[in-house]
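The following note sets out numbered remarks on the model shown below. Please read each point alongside the coordinates.

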Amino acid sequence: MKKWGRQLQPTQVTSRSLSRVVYTSESRLRQPVQLFKQMGRDLLGSRELAWQLMVRDINAQYRQSFLGIFWAFAPPIVAAIGFTLASNANIVNVGETELPYPAYVMFSMTLWQTFTEALNGPVQAVAAAKQMLARINFPREALILAKLGEVFFNFAIKLILIVALFLWFRMPVSWTAILAPVALIHLVMLGTFFGLLMAPLGALYSDISKGLTLITGFWLFLTPVVYPLPSGGGLATLVQLNPVTPLLVTTRELATTGVVSNPYGFWLASLITIVGLLLAWLVYRLAMPFVVERMSS
């Protein structure tokens with residue numbers, strides 16, 4: 001329903017025995033405190049549904065795949081083999097890395113794959129739930145939480161490869177490895193931040209999902225995944241401005257060498273990520289009613 005060209009927004013009214021939704025024409029941004037309280041309640045209330053969606057998606061992902069968890073290992077292994085052969089044949093000159101080059105590429109590709117899963121997750125979740133969104137009123141945060149759970153589940157599987165790397169190449173483990181999950185969470189939050197911004201449009205236009213594939217393919221080569229941080233030149237500037245760089249590099253350094261090369265860049269990128277994620281959540285929250293209305297019309 002619309003009134004005077006503005007979409008009616010829901011305001012939840014609760015009592016001990018009754019919970020009902022009242023639709024008004026007033027913008028929810030005029031009552032930010034109430035809006036954020038409702039967002040928090042819905043985030044907490046969506047946990048059970050998010051768990052059920054996550055279990056369903058993980059079961060479907062591995063039940064419908066003949067090779068199963070092999071696909072979690074394949075991209076970093078294939079990339080490591082390809083770039084190692086190219087480096088040994090002097091086709092590409094990547095320079096010196098702090099780790100054995102095959103381990104460097106496999107570990108970095110695992111982190112990059114986790115980032116791209118967090119980036120694509122919200123877009124895929126909202127696009128796949130079109131019918132459920134149009135028919136059922138439920139906290140939209142459940143879709144995002146389910147995908148986040150799936151991202152961390154897939155990374156837990158990839159830990160098998162990471163442990164195998166440390167054993168095979170006999171790499172020492174620094175005590176800072178216990179801090180690496182913190183940097184990894186920030187990396188996942190950055191991907192979720194971008195994914196949340198594009199999720200409403202991704203539900204309406206399939207071009208968003210296709211465009212993300214092109215963008216991440218180019219983005220990979222602006223991130224020190226298959227090469228170390230460049231020291232100078234135009235590429236070095238682009239790599240330094242890339243928000244993924246300090247988060248991915250810090251995660252890798254904490255897990256391996258224990259020496260963080262750019263702590264200020266890490267905390268700056270983390271601050272941008274946290275603030276951006278909150279703003280993206282707000283945009284997602286305000287945009288989804290319009291998206292559902294557009295899909296239903």
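1. Arg 56 is partly exposed, with a relative accessibility of 49%; here buried means under 20% relative accessible area, exposed over 50%, and partly exposed in between (1.4 Å probe, protein chains only). Its side chain meets that of Asp 57 in a salt bridge, at 2.9 Å from N to O. A salt bridge is taken as a side-chain nitrogen of Lys or Arg within 4 Å of a carboxyl oxygen of Asp or Glu.

2. On provenance, this is a predicted model, in which local features need pLDDT of at least 70 and side-chain atom pairs count only at pLDDT 80 or more, whereas totals for chains, interfaces and linings use all residues. Residues are numbered from 1 along each chain as its sequence is written, and side-chain values use heavy atoms, with hydrogens and water left out.

3. The protein contains eleven helices and four strands; helices (H or I, at least four residues) and strands (E, at least two) are DSSP runs, numbered from the N terminus. Of its 297 residues, 46% count as buried. The exposed area is about 16400 Å², of which carbon and sulfur atoms supply 67%; accessible areas come from the Shrake-Rupley method with a 1.4 Å probe, and for residues only the protein chains shown count as cover. Among contacts between residues at least 6 apart in sequence, 72% join residues at least 24 apart, a contact being heavy atoms within 4.5 Å.

4. How many salt bridges does the structure hold? There are six salt bridges. One of them joins the side chains of Arg 252 and Glu 98, at 3.7 Å from N to O. Arg 252 belongs to helix α10 (residues 244-255) and Glu 98 to the loop between α3 (70-88) and α4 (101-128), so this pair ties together parts that are 154 residues apart in sequence. Arg 252 is buried, at 2% relative accessible area, while Glu 98 is partly exposed, at 39%.

5. A salt bridge also connects Glu 117 and Lys 158, whose closest N and O atoms are 3.3 Å apart. This pair links distant parts of the chain, with Glu 117 in helix α4 and Lys 158 in helix α6 (residues 141-168), 41 residues apart. Glu 117 is partly exposed, with 22% relative accessibility, whereas Lys 158 is buried, with 1%. Elsewhere, salt bridges that share partners join Asp 42, Glu 141 and Arg 285 into one network.

6. Is Lys 147 buried or exposed? At 14% relative accessibility, Lys 147 counts as buried. Lys 147 lies in helix α6. Apart from neighbours within four places in sequence, Lys 147 contacts Asp 57, Gly 121, Gln 124 and Ala 125. Asp 57 is also the salt-bridge partner of Arg 56.

7. Ser 46 occupies the loop between α1 (32-45) and α2 (47-63) and is buried, its relative accessible area being 0%. With neighbours within four places in sequence set aside, the contacts of Ser 46 are Pro 139, Glu 141, Ala 142 and Leu 145. The C-alpha atoms of Ser 46 and Leu 143 are separated by 8.7 Å, although the two residues are 97 apart along the chain.

8. Leu 159 is another residue of helix α6 and is partly exposed, at 38% relative accessibility. Its C-alpha atom is separated by 9.7 Å from that of Phe 107, with the two residues 52 apart along the chain.

9. On the surface, Ile 77, Ile 81 and Leu 85 form a nonpolar patch with about 270 Å² of accessible area together. Patches are made of residues with over 30% relative accessible area and no salt bridge, like charges being joined within 9 Å and nonpolar side chains (Val, Leu, Ile, Met, Phe, Trp, Tyr) within 5 Å. Within this patch, Leu 85 is found in helix α3 and counts as exposed, at 57% relative accessibility.

10. Two backbone features merit inspection. Arg 170, in the loop between α6 and α7, has a phi near 50 degrees, a positive value in a residue other than glycine; Arg 170 is exposed, at 78% relative accessible area. Helix α7 (residues 180-204) has 25 residues and reaches 37 Å from its first C-alpha to its last, close to the 36 Å expected at 1.5 Å a residue; the expected span is 1.5 Å times one less than the number of residues. At Met 198, α7 bends by about 45 degrees, and Pro 200 follows within four residues. The bend at a residue is the angle between axes fitted to the seven residues ending there and the seven starting there.
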